[in-house]
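Please work through the exercises below with the sequence and the structure at hand. Each task is followed by a solution in steps.

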Amino acid sequence: MPINTYSSTLIRTSRAVSRGEAKKAAAAAAANSTAFASPFPASSSSRAVHSAAAAGLGGLPAAVAPVLRSQPVVEASKGLVSNLQLRLRSHLLASSPLRNPNFAASISLYRAGSSFSASSLASPAGARFVAAAGSAASRLSIRDFSTMGSSGNPFDTVLTDLPKPGGGIYGKYYSLPKLNDKRIDKLPYSIRYLLESAVRNCDNFQVLEKDVEKIIDWEKTSPQQVEIPFKPARVLLQDFTGVPAVVDLAAMRDAIKRLGGDPTKINPLIPVDLVIDHSVQVDVARRPNALKSNMELEFGRNKERFAFLKWGATAFRNMLVVPPGSGIVHQVNLEYLARVVFNNEGILYPDSLVGTDSHTTMIDGLGVAGWGVGGIEAEASMLGQPMSMVLPGVVGFKLTGKLKTGVTATDLVLTVTQMLRKHGVVGKFVEFYGEGMGQLALADRATIANMSPEYGATMGFFPVDSVTLDYLRLTGRGDEKVDMVEAYLRANNLFIDHDEPHEENVYSSYLSLDLNTVEPCVSGPKRPHDRVTLKEMKADWHSCLDSKVGFKGFGIPKEEQGAVAKFDYHGEPAELKHGDVVIAAITSCTNTSNPTVMLGAGLVAKKAAEKGLFVKPWIKTSLAPGSGVVTKYLAESGLNKYLDEQGFSLVGYGCTTCIGNSGELDETVSTTIADNDIVAAAVLSGNRNFEGRVHPLTRANYLASPPLVVAYALAGTVDIDFQTEPIGTGKDGNPVFLRDIWPTSEEIAEVEKKAVLPTMFRETYEAITKGNLMWNDLPAPEGDLYEWDPQSTYVHDPPFFKSMSKDPPGGHGVKDAFCLLNFGDSITTDHISPAGNIAKESPAAKYLVSKGVDRKDFNSYGSRRGNDEIMARGTFANIRIVNKFLEGEVGPKTIHVPTKEKMFIYDAAMKYREEGLDTIILAGAEYGSGSSRDWAAKGPYLQGVKAVIAKSFERIHRSNLVGMGIIPLCFKEGEDAETLGLTGYERYTIDLPTDVKEIKPGQDVVVKTDNGKEFTCVIRFDTAVELTYFEHGGILHYVLRQLLHS
């Protein structure tokens, strides 16, 4: 129906209603009722419609209400408002008060229509819409309506049909080839994904035509650090980061209501998938009932959090919550959630996402563009805000050759991580190409992509090829879906065919690796990029014992290195030495999504058992796969029996040990380690091994492939040369070496071919959608607004928006601030905001005790991220944190400078706040590396930190600081706190104007101290948009004000 007919009908209806002419109103609204039938789905839930109807027709003239309740008018009104709203939105996005004299009237109508949604004119929302229409009608002519949307997407001319082979079309898509620009043909595939998004979302408001040109001209513009907007297709959350995100959304609803707005405006506008996978702990291990026991304990501890998330799934639109016990978020994403290509109401476009977990990049192995962001950035994306990002450089990583037999994807990724870390890829995309890429299974690619954060890249991208399509079929996506994916990506030049000649893309820099040169290796003992080949492991271990305390040292005197601590393990004699393994865990999305290494682990367990070798009982072994598919193929192969025999029984479907949810060690073991100061070891198939993360008592932590995890568990120590020393003695009395139990690549491939079946994926994910008994029986609150329980120690109403005003506060500087903490290099988000155990004497523990929580119910910091009171106390609470103020002492304390008193960091921060004093943090290089934790920025904000001055920042953490209104500053090249002679006992002043228009991204700023020293830093607001966030006090404050005024 033509827009002028809609508008004239609306105007006639609204004027008749405003005059109380019921019959004329009914006739006008019902005119052409069949034409008003909306082709678009209702945008509000049935619950919202029912509650609106139940509320009555307050305010309408009595004679009008019965007519408006009539079925013809109800049906007509739905179509009228839905279609008019779309045109109004397009009009507003392309308009401004300067260009359109009737802008205010358009705003009035759009706002009223937003509250109306898809209910009828007979609802209260409908009454508001009619009233607003009546008041605006005299200011909006038919011509105003008829021109709405005429300036929509300037690239609609390249909107193209994608034909099906048998006739008909899959849908329409924005065709990159039809842009007729040869520069596009040379772009890296990863940049083409950014280009397609910009073309499709271009409205000359949020995404401009000049943004599209910047991306097309990537070869010239990326070195200039230009800014572009990016709108992902969806958002991915896990529960540790998902709970605080939903808490923020709930608090924003409260805030917008307090400021006079509509709370239901706070709703995700794109799909949000939340997988609950970070809560399960390895409380019970090496028992047949471990899975059931751990799940019961998980629900017992986390029922408040889970009920809150269950509320969120119904209170917010576009939000899917995958229940506990389903798998690890990134494996579920890879095997089930990933669309690869969206078909949204007939428009086709590539799948893309941002996630609140740094290992979101795992999906890049499937050819889906995705990376980790802070929770606050993800929340802004949910609410329709484009991400502001610097157009990245792209490192082209050429793969040739083929992996040798016995070499695993884990060995490969640790090698790649070391190479890329050395090359320097922070803030860049890495794109893999070359004939060697075609030799890698999809699961191997996903393993490499998963560890992008460890090598520092934003993405580690593998373009879609025939291997990708085969994986989609294996995981039960269906032939029709796969055919559509291939047809679309080929048509839009986003598919790579290794059998066809093609021009090599242009990259910012280049690396190459012959896969045949990769050797078996591990990584550690404290960082994932410290790779050690197996043949060098024994020598490296002794070097670590000798070296002073640091990333590669423990400082153990020579005479103490051979010490043996004997103890009684439940009636059995036992002993521990430096380097002995006390935790061996097959866990983490990095490896458990890969059937080759999982079946390889099973074969090592089998061969060892057949030779009479078994893991010592005091070693805490566990198997925590990323999805139920793993359990199915291990059972199908018969290898689960041998893993059970070696102690690797199924403990849960979640991240467990990799994120510090390793559970307690047996008391006899933990006492022996503590009393004898043993450097105990953990070996895990994870992606992070920072000190203090895996377990407080394992000072040495090594990343290894699942088969090597089993091998080290059998050996019982990392102090071994597998080439020359036996793992143990077989039942025949002969020594057994690693080579005797290590399977060949051909053996693994044969088992994999028989055991890994497409039906397993379909059955697993059909079951996930139905939930489980514990989840389905869990009661949850209802309603648009969450009813906060002030006694809850899990979910607490946060303070972020309590004092927020309608207008932005402007920028701010720092005046005479004290230094709260003085750090060196590589302070991670694990140091800043630990996820693991809550120490019994910590400020957080004291708070929990004051609330009546028993120590056994403390749970972890990660599980309590929905409570700001605990997280503020848990900030900088890592027991291994090194603060220069303490001159070598390790732990979560600092010096309160005015009194020179040593105290917990939280207590010092609160003391400064009570005294009305600002604080800053001094730091070295790579500040904030590690997981993408928004609490690593929220916590310092609540502690009163105003600025962080560092040598360099990890990408996501810098963004998170900006998102919380904390000023990030970088020392000039070659300078740091030590070279400048800063002790931390000075007071610091950073003068910034309140008008952010006077600040330029990346400009120099002078920092002054009270002892007369001055030094120049670079302010790390990298884009103009980030300065706008700073002006508003943070990104969510900006978004909330935008929604309030829209």
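The exercises that follow concern a predicted model.

**Exercise 1. Two helices in contact**

Task: Determine how helix H24 and helix H29 are oriented to each other, and which residues make the contact.

Solution.
Step 1. Two packed helices are described by the angle between their axes and the distance between the axes.
Step 2. Helix H24 covers residues 628-637 and helix H29 covers residues 745-755; their axes come within 9 Å and cross at roughly 110 degrees.
Step 3. Angles of 65 to 115 degrees count as roughly perpendicular, and H24 and H29 are therefore roughly perpendicular to each other.
Step 4. On the side of H24, the contact is made by Tyr 633, Glu 636 and Ser 637, and on the side of H29 by Val 751, Lys 754 and Ala 755.
Step 5. Sorted by class, this contact of H24 with H29 has 3 nonpolar, 1 polar and 2 charged residues.

**Exercise 2. A closed barrel**

Task: Describe the order of the strands in the barrel and the way in which E31 and E34 pair.

Solution.
Step 1. Strands of a sheet pair through backbone hydrogen bonds, either parallel or antiparallel.
Step 2. Here 7 strands close into a barrel in the order E26-E29-E30-E31-E34-E33-E32, with mixed pairing.
Step 3. On average, neighbouring strands of this sheet are turned by 40 degrees against each other, direction ignored.
Step 4. Strand E31 (residues 967-971) pairs with strand E34 (residues 1014-1019) in the antiparallel sense, over 3 bridges. Within this pairing, Leu 969 has Ile 1019 of E34 as its bridge partner.
Step 5. Helix H35 (residues 905-914) packs on the sheet and touches strands E26 and E29; the direction of H35 makes about 170 degrees with that of E26.

**Exercise 3. Aromatic pairs**

Task: Classify the pair of Phe 342 and Tyr 349 and the pair of Phe 800 and Trp 935 by the angle between the planes.

Solution.
Step 1. The count for the model comes to 33 aromatic pairs.
Step 2. In the pair of Phe 342 and Tyr 349, the planes are 10 degrees apart and the centres 5.2 Å apart, and the pair is stacked. Phe 342 is buried, with a relative accessible area of 9%, and Tyr 349 is buried at 8%.
Step 3. In the pair of Phe 800 and Trp 935, the planes are 50 degrees apart and the centres 6.1 Å apart, and the pair is tilted.
Step 4. Phe 800 lies in the loop between helix H31 and E26, and Trp 935 lies in helix H36, so the pair ties together parts that are 135 residues apart in sequence. Both Phe 800 and Trp 935 are buried.

**Exercise 4. Positive phi in two loops**

Task: Decide whether Asn 859 is buried or exposed, and whether Glu 887 is buried or exposed.

Solution.
Step 1. Asn 859 lies in the loop between H33 and helix H34, whereas Glu 887 lies in the loop between H34 and strand E27.
Step 2. Asn 859 has a positive phi of about 65 degrees although it is not a glycine. Glu 887, not a glycine either, has a positive phi of about 50 degrees.
Step 3. Buried means under 20% relative accessible area and exposed means over 50%.
Step 4. Asn 859 has a relative accessibility of 9% and therefore counts as buried. Glu 887 has a relative accessibility of 73% and therefore counts as exposed.

Note on methods
Residues numbered from 1 in each chain as written. Predicted model: local features only at pLDDT ≥ 70, side-chain atom pairs only at ≥ 80, totals over all residues. Heavy atoms only, no water. Axes fitted to C-alpha atoms, helices over the stretch in contact; angles between N-to-C directions. Helix = DSSP H or I, 4+ residues; strand = E, 2+ residues; numbered from the N terminus. Parallel < 35°, antiparallel > 145°, perpendicular 65-115°, else oblique. Contact = heavy atoms within 4.5 Å. Nonpolar A, V, L, I, M, F, W, Y, C, P; charged D, E, K, R; others polar. Pairing = 2+ DSSP bridges. Phe/Tyr/Trp six-rings, centres within 6.5 Å; stacked < 30°, edge-to-face > 60°. Buried < 20%, exposed > 50% of the residue type's maximum accessible area, 1.4 Å probe, protein only.
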